[in-house]
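Got your viewer open and your mouse ready? Let's walk through this one stop at a time, selecting as we go.

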Amino acid sequence: MPVNPDLVERAFPSAAPYLVGREKVREFARAVFATAPLHHDPEAARAAGFADVVAPPTFPIVIAEATLQRLLAEPDAGIDFSRVVHGDQRFTYSRPIVAGDELTATLRVTSIKTLGGNSMVTSESSMVDARGEHVVTSVSTLVIRGEDA
């Protein structure tokens, strides 16, 4: 089943708000070998002008993944997860994420392209804080391998 081209510009409901915890930031920082003190030590983060520990730049993938699950579970999407390869990931920030932030993400499919029998689905997850102010946008491209790939 090919990817449904009608997914373009479809927006998916917001995932439940995600409360960024200090220990989650520390765990993620250890996992990606981000050793800067502001990722681990609240005092170092405060000395740098932040309210609490600062998440590494790729941390929003934790939140974006929840929104991507909604796309992958869409019954008419035509996306066979067993054929999905993560093709690209980018983040555009308005400000850093810090422990204590409550972020809500909304996903929108921005394009679908076909190349060599494969489909490339690009989506944006826009994340806002509890005041509704933009924090970061995650752009992800999934490659769905064709039947012959």
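Start with the whole chain selected: of its 149 residues, 40% count as buried. Keep in mind that you're looking at a predicted model. Turn it around a bit, and you'll find that the C-alpha trace spans about 55 × 30 × 20 Å along its principal axes. Switch on the surface next. The accessible area of the protein chain is about 7,800 Å², and 56% of that belongs to carbon and sulfur atoms.

Now colour by charge. The chain carries 14 positive and 19 negative charges, and the mean positions of the two sets are 3 Å apart.

Go back to the cartoon view. How many helices and strands does the protein chain have? There are 3 helices and 6 strands. Trace them along the sequence and you'll read β-β-α-α-α-β-β-β-β. While you're there, think about who touches whom: among contacts between residues at least 6 apart in sequence, 68% join residues at least 24 apart.

Next, select residues 15–137. An unreviewed UniProt entry places the feature "domain: FAS1-like dehydratase" here. Over this stretch the chain is 23% helix and 33% strand. Click on the C-alpha atoms at its two ends, and the distance comes out at 14 Å.

**Stop one: the aromatic rings**

Select Tyr18, Phe28 and Phe59, and show their side chains. These three residues form one aromatic cluster. The chain has 2 aromatic pairs in total. Zoom in on one of them: the ring centres of phenylalanine 28 and phenylalanine 59 are 5.3 Å apart and their planes stand at 80 degrees, so this pair is edge-to-face. In case you wonder about those two numbers, a pair of aromatic rings is described by the distance of the centres and the angle of the planes.

Zoom out a little to see where the partners come from. Phenylalanine 28 sits in helix 1 (residues 22–31), while phenylalanine 59 sits in the loop between helix 2 (42–47) and helix 3 (61–72), so the pair ties together parts that are 31 residues apart in sequence.

Are these two rings' residues buried or exposed? Phenylalanine 28 has a relative accessible area of 15%, so it counts as buried, the cut-off being under 20%. Phenylalanine 59 is buried as well, at 1%.

Stay on phenylalanine 59 and show what surrounds it. Leaving out neighbours within four places in sequence, phenylalanine 59 is in contact with Tyr18, Val20, Lys24, Val25, Phe28 and Ile97. For a sense of scale, draw a line from its C-alpha atom to that of threonine 122: they are 63 residues apart along the chain and separated by 19 Å.

**Stop two: strand 5**

Select serine 123, which lies in strand 5 (residues 118–128). This serine is buried, with a relative accessibility of 2%. Which residues does serine 123 contact, leaving aside neighbours within four places in sequence? Light up Leu68, Leu107, Arg108, Val109, Thr110, Ser138, Val139 and Ser140, and you have the list.

**Stop three: strand 3**

Hop over to valine 85, in strand 3 (residues 84–93). At 39% relative accessibility, valine 85 counts as partly exposed. Not counting residues up to four places away in sequence, valine 85 touches Thr141, Leu142, Val143 and Arg145. Try another distance here too: the C-alpha atoms of valine 85 and threonine 67 are 18 residues apart along the chain and separated by 17 Å.

**Last stop: two backbone angles**

Select glutamate 9, in the segment before strand 1 (11–12). What is its phi? The angle is positive, about 75 degrees, although glutamate 9 is not a glycine. Glutamate 9 counts as partly exposed, at 48% relative accessibility.

Then jump to phenylalanine 33, in the loop between helix 1 and helix 2. Phenylalanine 33 also has a positive phi, near 60 degrees, and is not a glycine either. Is phenylalanine 33 buried or exposed? With 72% relative accessibility, phenylalanine 33 counts as exposed. To finish, put phenylalanine 33 on screen together with phenylalanine 59: the former is exposed at 72%, whereas the latter is buried at 1%.

Methods
Residues are numbered from 1 along each chain as its sequence is written. This is a predicted model: local features need pLDDT of at least 70, side-chain atom pairs count only at pLDDT 80 or more; totals for chains, interfaces and linings use all residues. Side-chain values use heavy atoms; hydrogens and water are left out. UniProt positions are given in the numbering used here, feature names are shortened, and annotations may be inferred rather than shown by experiment. Helices (H or I, at least four residues) and strands (E, at least two) are DSSP runs, numbered from the N terminus. Buried means under 20% relative accessible area, exposed over 50%, partly exposed in between (1.4 Å probe, protein chains only). Contact means heavy atoms within 4.5 Å. Accessible areas come from the Shrake-Rupley method with a 1.4 Å probe; for residues, only the protein chains shown count as cover. Lys and Arg count as positive and Asp and Glu as negative; His and the chain ends are not counted. The place of a charge is taken as NZ of Lys, CZ of Arg, CG of Asp or CD of Glu. Rings of Phe, Tyr and Trp (its six-membered ring) pair if their centres lie within 6.5 Å; planes under 30 degrees apart count as stacked, over 60 as edge-to-face and the rest as tilted.
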